[in-house]
Amino acid sequence: MLCHKVAHMQLTSKQVDEFKTHGLLKLTNCVEPKVASRITNSLWNFLENEQGISKNDPNTWPPGYRPTGFQELTRTGTFRRMASPLLCDAVDELLGHGASCKVKNWGIPLMLFPDSNDGQRTIPFGSDTWHIDAPARTSSCYAIRAFLLLQDVPKHQGPTMAVAGSSNLLRQLAAQKITKSQSSKTVLKQLIRSEPWINRLLSEPDSAVRERLYCWGKSNSGLPLKVTEFTGDSGDVFLMDISTIHSKSRNTAKLPRMVLSQTFFG
């Protein structure tokens, strides 16, 4: 458990409104790059010692590999370094004071090795890829997932993709109580039937049509919706409402994507 008592950052009213409206908020320079670099080096050292994957030898990189099994680093507190005052204060402001203090084990690495270098960047397709981590249960956000960029993540390097505004859409659906099940697949099936924008996201095979989803659209009730990529510089953090529709994407760059994730509850 980690807790700080002195406030270091207060979100602006514009930032708070952005999170409430879109369920997403980017915090630039949230963690010092040198801290992110130390975490990155720990991940590479672990991979080389445990799996024979070397930072300096791309021939050892399994294409499209998403490594797991970092529990030892979690137990020893390696990822606790991501708990910057800026991140903790932002989470506490959005979820309520003390939310950041509830975390016992910090950090889940989200590494993704390149699967090709063809440069083909596309919006992921299908309901097996797009999903929600937890259903919308209340009228407001009750949990936040943070994504710390450990190194620069450009658009071709497999960034997480999320639908800005979708958490509020899911809250509307939950309020209607159309279905008893709130599993990710059940919710998305319902949205495919009722929301043309979501239907295009999940069912439209034409990549040119899907590219338009990077621009703002609207739900039937007028909620803004747009595909957003978690791209940025080392030390940037994305805050995501836990009920946001999101997806993995292909890494078509030359370097692995290095991200650290953490979930907070109010």
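Which residue stands opposite G217 in β6? In this predicted model, that residue is L225. The close-up views below start from this pair and move outward.

**View 1. Strands β5, β6, β4 and β8 form an open sheet of 4 strands.** The order is β5-β6-β4-β8, and the pairing is antiparallel. β5 and β8 are the edge strands, so each pairs on one side only. β5 covers residues 217–218, and β6 covers 224–229. These two strands run antiparallel and are joined by 2 bridges. G217 of β5 faces L225 of β6 across this pairing.

**View 2. Strand β4 pairs with β6 and with β8.** β4 spans residues 161–164. It is joined to β6 by 4 bridges, and the two run antiparallel. Here V163 stands opposite V227 in β6. β8 consists of residues 246–247, and its antiparallel pairing with β4 has 2 bridges. In that pairing M161 stands opposite S247.

**View 3. The side chains of β4 point two ways.** M161 and V163 point one way, while A162 and A164 point the other way. Are these four residues buried or exposed? All are buried. In a regular strand, side chains alternate between the two faces of the sheet.

**View 4. Helix α7 has its buried residues on the same side.** The helix runs over residues 196–203, and its buried residues are W197, I198, L201 and L202. Why do they lie on the same side of α7? They cover an arc of only 120° around the axis, which puts them there. Several elements cover these buried residues, including β4, β5 and β6. Among the helices in that cover are α5 (166–176), α6 (184–194) and α8 (207–211). α7 lies across β4, β5 and β6, and its direction is at about 30° to β6.

**View 5. Helices α5 and α6 pack at an angle of about 90°.** Their axes are 11 Å apart. The angle makes α5 roughly perpendicular to α6. From α5, the contact uses L169, L170 and L173. From α6, it uses V187, Q190 and L191. How many nonpolar, polar and charged residues does the contact of α5 with α6 have? It has 5 nonpolar residues, 1 polar residue and no charged ones.

**View 6. A second view of strands shows an open sheet of 5 strands.** The strands come in the order β1-β7-β3-β9-β2, with antiparallel pairing. The edge strands are β1 (24–27) and β2, and each pairs on one side only. From one strand to the next, the twist averages 20°. Helix α2, residues 33–51, packs on this sheet. α2 touches β2, β3 (143–149) and β9, and its direction makes about 110° with that of β9.

**View 7. Strand β2 pairs with β9 over 5 bridges.** The pairing is antiparallel, and β9 covers residues 257–265. L110 has V259 in β9 as its bridge partner. Strands of a sheet pair through backbone hydrogen bonds.

**View 8. Residue H97 lies in a loop.** The loop runs between α4 (85–95) and β2 (108–112). Is H97 buried or exposed? H97 counts as exposed because its relative accessibility is 74%, and the cut-off for exposed is over 50%. H97 and G266 are 169 residues apart along the chain. Their C-alpha atoms are separated by 8.3 Å.

How values were computed
Residues numbered from 1 in each chain as written. Predicted model: local features only at pLDDT ≥ 70, side-chain atom pairs only at ≥ 80, totals over all residues. Heavy atoms only, no water. Buried < 20%, exposed > 50% of the residue type's maximum accessible area, 1.4 Å probe, protein only. Arc of directions from axis to C-beta. Contact = heavy atoms within 4.5 Å. Pairing = 2+ DSSP bridges. Axes fitted to C-alpha atoms, helices over the stretch in contact; angles between N-to-C directions. Parallel < 35°, antiparallel > 145°, perpendicular 65-115°, else oblique. Nonpolar A, V, L, I, M, F, W, Y, C, P; charged D, E, K, R; others polar.
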